[in-house]
Amino acid sequence: MINFNLFVLPFFLGLIYVVIAIGKSWYNWIKALPPVDKVRFTAGIRNPRQVFSAIKEVFLEALIHRRMWRQNPLLGYMHMSFALGWFLLIVFGNIESRYYSGTHLNAPYYPIFLKFFIHDKLVIFFEVYSVPGIFRFLMDSLLLFVLSGLVLAVIKRQKSKWFGMKRTTEFQLTDFISLTCLWLIFPVRLFAESFTAGYYGSGGGFMTQPLGNFLAWIMPFSLDFVAYALWWVYSLVLGIFFITLPYSRYMHIPTEVLLIFFRHFGIQPRIWYSSISDVEVHSCSRCGVCIDVCQMNDAGIRDSQAVYFIRGVRDKYVPEEISRKCLVCGRCQEVCPVGIRIDSLHLIKRRELVSGQAHDFSFLPGIKEILHQGHPTLTGYHPNQDDGVEVVYFAGCMSHLTPSVIRAMKGIMSAAGISFVQLDEDHSVCCGRPLMIAGKDRQAHDLIEYNKKLIRLTRARTLVTSCPICYRVFREEYNLPIRIMHHTQFILDLVKTGKIPLQGFFKRVAYHDPCDLGRGSRVYDAPRELIGKIADLVPVRQETNNAMCCGGSLGIFEASQKQRNDMTARALDNLLEGQPDTIATACPLCKKTFETQSPVEVKDIAELVYLALPKPAYSSVSVQSRQAISYADESTSA
Amino acid sequence: MTKKFGYSILRDESIDFDRNDKRISAYLHAHEPSINLCIGCGSCTATCSTGHFVDFNIRRLHTLIRRGETREIKKEIRKCMFCGKCQLVCPRGVNLRNVILTLNRAIEQLG
C-alpha cells in the first residue's frame, strides 16, 4: 500500500467507533418505537415523497440552520459555516480524492489526508481552469468558510453579548473535550496542508500555498518534520472528537437527522418517555438559545433552564426540583432551533415523579344527582327548551377570583341576546389542566370526564371559557363535539356579526398574551382585533409567540412569592414600555398576577368590551352588575 | 363489662405532642419552608374549589400536619383538585401547590 501512513490510525479507529456507536443508537431508537410508530416509520421510509421532504429539511435545518438564521443571522452563519462547510469539505474532498486515485473505492482516510499523499506539481495554486485546480480552489474556500465560523465561535465563547446572547451554556467535561477537538480540527488542517505545500513547493490552494511558502521562507528548519507532526495531531483530534461525540453534545448531529425523519413520518412524542423523546433529548445541541428567553433568569434561577433540564434527562438524572422548576410557558420551545417539545418533555418527567399517588374526587356530585336534584351548577338551564341553550359558559376557577370578568361576560351575552348557562356558576370544578401540569394525568382524567358530562348535559353548541388554561385543555383533551371558544374569539364573533355594537374610547391599551392562549393555542389575532375596535393598541416589544409569562404560572412549583414577583415586574416593564393607560389581558390568572404590581389598571378584554357597549345595551343589563363593574373600575384605578 | 349495660368505651383521641409523628411536618418545612409564613387567616380555605363541595380545609390540614396525624393527612390530601386558587389569594405568599406536592412526596417516602 502506497497511500498509507501510521498517523491515519487514530482517525480511522475513531471513525469506525463513531459509525458503530451512531448505528447502534439509531437501531435501538427505531427498535424501541411504540408499535404504532414503528408502522408509521416503515410506511414512511417506503414513501418517496415523505423521504424527500425529510431530506430537504435535513438539508435546510441540519446544514443551513434556517431556523437559527431567522433568529440570529450571526449565529446562523456560525453554525452554517461549521455544518455546511464541513459537509461540503467531506463531499468535495471525496470527489477530489477519486480524481486522483482514479477508482471508485477509496480508503476512508484517503480524502481526509489527501494533501499529505498528493503533491500535484502540475497545478499552480491560483489555477481555476482545470479540474484539480477547481477542486483545490473549492477546498481552500470551504476551509476558509469553516475557519470564519470558528473565529466567530471563539469570539462568542468569550463575548457572547456581541452575539445578542447574555449567557451561554455551561459545559460538562465531555463537551469541553469535544469542543476543543472540534475547534482544533480546522486550524490544524490548515497548517498541516500549508506546511506540506510549503515543503514541496506545490499542492496547495490559494490560501494554503502562499501560507506554506511564507512559512518555508521564515522557518529556519525543514518543514517536513513539522508537517508530519501536524498530520498526526490532525488525525488525533479527529479521532478524539469522534470517540467523544456519542457522549457529548455533538451527538445532536446524527440524532437530529433521525428526529427530522421521525417528524416527517408523523411520529409524535407520547405522554410517557418513549424512544422519540429520547431522540429529542439527544438532538439538543446545547446551543443555549433557550437560556436567555427563560424568565426564571429574572428570578435568579439559573440551573433549571431547558438546556440543563434536557441534559439532566439525557444523563438519566434530573433532580426533582429541576423538573418542577419551569413555568411551562413555552418560550424556549418557540426559539429552539431543533424544535424540541420541551414542555411535553417536562410533563413526561413530572408524570414519572407523581405516578402512583392516590386521589379521591368522590365528593363531586355524580351526574345522576345533577339531573334529579337540580344541582346549582345548572341554574338557568330550562329542560323545556329542546335544543338547550346556545352557549355553555365555563368561567374557570381563576375567573372566580376576578368576578368582574364573569359579570362582564354575562353582560355581553345578555346584550347580544344569547341564551347561555354558566356551568360553574356556584361551584367550579377544575378543568384538569393544573393537575396535568403537575404530571397528575390520571387524576385530571376524572375531572375531565366529569366536566364532559356536565357540558354534554347542557346540549349547548358552543363552549365559551374565560380562562386560557381551561380553553387549552378543552381543546386538547376533552374531544367535545361542540365548538370551543375562548371569550375573546367569541366576543369578536359577536362584534363581527353585529350582535353587539361597540363605542370605542380613547385609551392606549397594551395587550398581554397569556401563555396558554398565545403559544399554547395560537390565538394571537382575535384579542388584538377586538382591542383595535375599541381602543388604541400599543405595540409591545416582546409579544405574540415571544410574549412573556406574567409570573403567575401554574407550571412552576419551586418558586417563592418573591421570585414570582420579580418575574412579574419584568413582564410588566415590557408591557409598560409604550406607556399604555391600560394593560389588557385575556386570562384571569394574568390579570390577578399583574394587578398586585401594576401602576396602571389591568383589565380583561371582556371587561373592556363591556365598558364599550353603548348606553342602551349597557343599561339593559341588570343594575346590580353595572354598579359592580363601575365599582371594580374605581378600585383598580385608585 | 360496661358494654353490657349499654355503655361503650370511646377511643382515646388525646394527642401526645411528645410522641406524635413529626416526620411529615419536618419534611415539609425542609422542602417548602414558605409554609412557615402561614398566619392561619383561612383565605385558602375560603376560596378552595374542593372546599365548596366537601369539608376540605387547608387550614385544618396544616393543623393535622403539625399534630402529625398522618392517616388523616393522607385521606384529606387526595381531595385537592390542584387549581391553585389558594395560592393566588394567600396574603403571605405561601407556595401552596408545592405544599400539596411536597406532602404527597412526604407520604410516599415516609409512609
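Two residues count as in contact here if their C-beta atoms, placed from the backbone, lie within 7 Å. On that basis, the contact between the two chains takes 24 residues from chain A and 22 from chain B. Keep in mind that this is a predicted model. Chain A has 29 helices and 8 strands, and 48% of its 638 residues count as buried.

**Where chain B meets chain A**

- On the chain B side, α5 (85-89) and α6 (96-110) are the elements that give two or more residues to the surface touching chain A.
- The largest share there comes from α6(B), with 5 residues.
- By class, that side of chain B splits into 9 polar, 8 nonpolar and 5 charged residues.

**Chain A overall**

- Taken along the principal axes, the C-alpha atoms of chain A fill a box of roughly 100 × 50 × 45 Å.
- If you look at contacts in chain A between residues at least 6 apart in sequence, 74% of them join residues at least 24 apart.
- The domain assignment gives chain A three pieces to keep track of: domain 1 (8-31 + 64-247), domain 2 (367-494) and domain 3 (499-637).

**Domain 2 against domain 3**

- This contact draws 32 residues from domain 2 of chain A and 34 residues from domain 3 of chain A.
- On the domain 2 side, α19 (403-415), α20 (433-437), α22 (468-477) and α23 (487-496) of chain A each put in at least two residues.
- Helix α19(A) makes the largest contribution to that side, 10 residues.
- As for chemistry, the domain 2 side that touches domain 3 of chain A has 17 nonpolar, 11 polar and 4 charged residues.

**The four-stranded sheet**

- Chain A has an open sheet of 4 strands, running in the order β6-β5-β7-β8 with parallel pairing.
- The edges belong to β6 (536-538) and β8 (601-604) of chain A; each has a single partner strand, so one side of each is left without a neighbour in the sheet.
- On average, neighbouring strands of this sheet are turned by 40° against each other, direction ignored.
- Strand β7 (residues 582-585) of chain A pairs with β8(A) in the parallel sense over 4 bridges, and Ala584(A) has Lys603(A) in β8(A) as its bridge partner.
- Helix α27 (residues 605-612) of chain A packs on the sheet, where it touches β7 and β8 of chain A, and its direction makes about 85° with that of β8(A).

**Two residues with positive phi**

- Most residues other than glycine have a negative phi.
- His65(A) goes the other way: it isn't a glycine, yet it has a positive phi of about 60°.
- You'll find His65(A) in the loop between α3 (48-63) and α4 (66-71) of chain A.
- His65(A) counts as buried because 24 other C-beta atoms lie within 10 Å, and the cut-off for buried is 20 or more.
- Arg522(A), also not a glycine, has a positive phi near 60°, and it sits in the loop between β5 (508-512) and α24 (525-534) of chain A.
- Arg522(A) counts as exposed because it has 10 C-beta neighbours inside 10 Å, with the limit for exposed being 12 or fewer.

**A look at Phe137(A)**

- Phe137(A) lies in helix α7 (residues 131-158) of chain A.
- With 19 other C-beta atoms within 10 Å, Phe137(A) is partly exposed.
- Leaving out residues up to four places away in sequence, Phe137(A) touches Val128(A), Gly205(A) and Phe206(A).
- The C-alpha atoms of Phe137(A) and Gly204(A) are separated by 8.9 Å, with the two residues 67 apart along the chain.

Methods:
Residues numbered from 1 in each chain as written. Chains lettered and ligands numbered in written order. Predicted model: local features only at pLDDT ≥ 70, side-chain atom pairs only at ≥ 80, totals over all residues. Domains from an automatic or database assignment. Nonpolar A, V, L, I, M, F, W, Y, C, P; charged D, E, K, R; others polar. Pairing = 2+ DSSP bridges. Axes fitted to C-alpha atoms, helices over the stretch in contact; angles between N-to-C directions.
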